[in-house]
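Student: I'm new to this one and would like a close look at a single part of it. Could you walk me through how the strands sit together?

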Amino acid sequence: MADRPAPSIYSIAAHRGFADALVAGLVPRYGDETFGLARLTLLLPSSRARRTISEAFVRLAGETGRSGLLMPRMAVIGDLDLDETLGTLLDPLGASDIPPAIDPQRRLFRLTQIIEQEMGDAAHGGATLLRLAREMAATMDRLLVEEVGPEDLLGDTVLDLFGSLSVHWQASIRLFARVQMRWLAELAEHGMLDAAARRNRLFDHASAMWKAQPPATPIVAAGVTSAAPALARLLRTIAYLPQGAVILPDFDLTMQEAVWEELGRAGAAPEPDQTPFAGEDAVTHPQYHLKLLLNRMAVRREEVRPWHRKGAAAAPPERSHAIASLFLPPEASKSWIDLPAEKRRLAGVRILTTANPEEEAQAIALLVREALAEPEKRVAVVTPDRALARRIVHHLARWNITADDSAGRPLSQSAAGRLLLLLAEVVAKDAAPVSLMALLGHPLVHGEMERGEWLRQLRRVERELRGPRKAGGLAVVRAIATRLESRQPKVGAWFAQVNRILSPLLDMPDRVALADLFDILATAGEQLCGEDLWAREDGRMLAQFVEEMRANACETAFALSRDEVDIALRDAMEQVAVRPPYGGHARVQVLGLLESRMNRADLVVCAGLNEGTWPQRGTVDALLAPPLLRSLGVPGGDFRIGLSAHDLAGALGAPEVVLSRAERDESGPAIPSRFLLRVEALLGSMAENHRDERTAALARAMSRAAPVEPHPRPAPQPSSEQRNVDISATALDRLLGDPYQFYAGKILQLSDLDALDAEPGPLWQGNAAHLILQRWHEARDVDPDAKLAPIMAAVLEEEGVDALTRGLWQPRLEAALKWIEATVDAAPDRAVLAVEKQGAMRFDGVRVHGRADRIDRLADGGLAIVDYKTGSPPSAAMVEQGFALQLGILGLIAERDGFEGIVGEPEAYEYWSLAKAKSDENPFSFGYVDVPLKIGNRRSGVEPEEFLPLTAQKLSLAISRYIKGDAPFLARENPDYPAYDTFDQLMRLEEWIATQDGEGAA
């Protein structure tokens, strides 16, 4: 038998530049004077690779002075991870006997339903099931690509291993096997295939067809590194075609045999009873997946030949020696000790270290801006960190450099996608204030009104809606609009429009069909935004997403609970990428790792080189245990680390390379990438010469503000006219303890703007409790047997209190109110004279006023001033220091008959706290009375008879200094005063507080 001819397999070294080197070799080898390269068929791994090769052809034509060039036919083989479709070349009419592929979204919905049936009562909610179905679909595809069938899960290898697995792995495998069997049976019944299975059949069909009848025209597979068995068989067939060739990227032809063996089995089991993968395989090595591919192609590495051309953006050939040494496996890395300097050479490679991602993005933008100043120089920024990529794009816009992130962004983060998600949140959260205001204020929303007019009415309603969380629905907004309509008539028309558009969303049943949900969401979106919703690239992608989801949900009759629709939609939209339209700067590219493959530029910036980013953390399959996958011949999760190492090795072949990282990220200190640590270790003492300190310093200088003098401690001195203000009972404490707070609140008339959906703070709780108690006391005047509980329920209903707030706070409030009810009933010798009573007096020519929560008539005819507190009352020490004189001010007003209709001498001053009682007998009781004076066994505090004189003295001091005098309103005058932080930012507290010596104003 004649010897079989050697396969046509080539490798383009990393330093040569794959795309340009490929094109430089294809033109002379396959070019034709008449038809150019039109007879050539080029098989590429992705659509992005097709664009990269097309650009390389254009560059070559320009460099060689060609007026035109007939391009080869480029077919995309596709990769499931890239979500690419197969090129038409491999889906020919002759393959009509291969069943069609089922839509992935339809499969997802049906898998969810099967999982729910299989799990029974243990099944989780619809959104959680969708996530599990998505994981299960990915695992199915992974097994299909590796040609592992369901029968393999029942084979002896798996059964022998099954008993050693933990219980949760066993349960997961059982569920997966049952669901997969049911799903494959349904596919067979409908005459369809999974996309991965159909791809395998198409590869085998093409392989068989070309073996039987080799094509008359050349076929070249370039840049394909996927080691899927079916694809490996197809590549083997192409390699042995008379006019075929397979061209691999960055395959190391200089690797020693011992290092090649140290990579591990890589799909080639030493013995029939052994697994094709071993636990000690170097799966994180950048050459491992290429060894796996060659093993599955049944090709020896000695049969791989070097490509005969190089690209225009080629790096020095010495770089390849260093790259090969850089990623040596553990045992082989010992050779670094004796590695000569020329084998460590990484000339043109710089290491950029910055403090944080923002500084890193600024530094990279500077590198790009500097490179573009050189004519014809091309720049590529490669990073798997999409957030960092967006930062870089925004920094480049400072110099009017338009650089789009070609990896795109999730649909859920686009303007159109965010609007659909907000509509879903309104449905799921029953129009909760935050979701509702975010939706109505979305940049695309105008509600068929002039945008400015729409926003003006929205802002008026939003201002009223701010504060503690309200109950959902539009009832609260309707009440606000009705209240505002008398002053702002346009608010009514605005709310009518909102109500008309959103009512169908809020009227949906608790369980909604997903197809109906998309109909309602799309209709509401169009009514809010008009055609703007679908106008841009994200809108067009959203329209495609909605149509696909709606069609497949309708076919499967998929439904889910309305309170999970926002989670389900967000998960689905995270899987869809919105890529920018072409039209950015011609010499700048911002790429992800997948997009960067086969790409080349004169300057390549590899950004985000931290562990967990590049490489990403190794993943473990959620359904099948790693030992089980190895026994089935499926590479482990760390396999992707090797792919990212290969991506970095390819990037290191550029003429200029910058390796960039930030020392910290959003979560804290970051660990340098293992790849970057290897670069530094390989360079050894030469590493310092490769550090780019200049660019990092420039980035810091751009954001560094000019030095300023330390800000002085604020001590405003308003005019006498501005000081002419009244003093409330609660303001005296601030005036004495922190005059600046009094100045900002009373003279400047500033106050906090509550947040939307704010936590119910002490102020709101106090107001609600005071209103309940006021109505209860008023009701007792009519009916002495009136109870607090129904009044409390009515007030909380009027306030629109959220259910969560009720559940957390209402039981405590009810217990405290019952204590007040019992305590009042137990003191028949005390009569309640007034509640929430306003009073005022003139003191040293200034109006002093206050409101008493309750005033009682004691048995001896004197008055008791009562103040309700929802928390702990002020201590006797605070009263003695003059920081809690509210009861004293009210006592002075009562003493001077300032409460209309109430006459008598104030004798008692009490705080009735609704907080947890100070009781050893019942640790769960609420409510107690506290007198902030020196009574009973107290050793400190103010004597009762000295309380009013002390209050009068402090009040007189405050008036003489700040109201009638000219003393400055010094910020934080008394460090012992427990001040609020309301005006800390206004007084620029952090800028001066650390420099104070406590002796007065600066």
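Student: In which sense do strand β2 (residues 41–44) and strand β4 (residues 219–222) pair, and over how many bridges?

Tutor: They pair in the parallel sense, over three bridges. Before we go on, a word on what you're looking at: this is a predicted model, where local features need pLDDT of at least 70, side-chain atom pairs count only at pLDDT 80 or more, and totals for chains, interfaces and linings use all residues. Residues are numbered from 1 along each chain as its sequence is written, and side-chain values use heavy atoms, with hydrogens and water left out.

Some terms, too. Strands (E, at least two residues) and helices (H or I, at least four) are DSSP runs, numbered from the N terminus. Two strands pair if DSSP finds at least two bridges between them. In general, strands of a sheet pair through backbone hydrogen bonds, either parallel or antiparallel.

Back to β2 and β4: T41 has I219 of β4 as its bridge partner. Both strands belong to an open sheet of six, in the order β3-β2-β4-β5-β1-β6, with parallel pairing. At the edges are β3 (73–76) and β6 (304–306), each pairing on one side only. On average, neighbouring strands here are turned by 25 degrees against each other, direction ignored; axes are lines fitted to C-alpha atoms, for helices over the stretch in contact, and angles run from 0 to 180 degrees between N-to-C directions. Helix α2 (residues 47–64) packs on this sheet and touches β2 and β3, where contact means heavy atoms within 4.5 Å. The direction of α2 makes about 155 degrees with that of β3.

Now for the other sheet. Five strands make an open, parallel sheet in the order β7-β15-β14-β8-β13. Its edge strands are β7 (349–354) and β13, and each pairs on one side only. Here the average turn between neighbouring strands is 15 degrees, direction ignored. Starting from the β7 edge, six bridges join β7 to β15 (residues 656–662) in parallel, and V349 has V657 as its bridge partner in β15.

Strand β8 (residues 379–382) is worth a look as well. V379 and V381 point one way from β8, A380 and V382 point the other way, and all are buried, meaning under 20% relative accessible area with a 1.4 Å probe, protein chains only. Four bridges join β8 to β13 (residues 588–591), running parallel, and V382 is partnered with L591 there. Four bridges also link β8 with β14 (residues 603–606), again in the parallel sense, with V379 standing opposite L603.

Terms used. Buried < 20%, exposed > 50% of the residue type's maximum accessible area, 1.4 Å probe, protein only.
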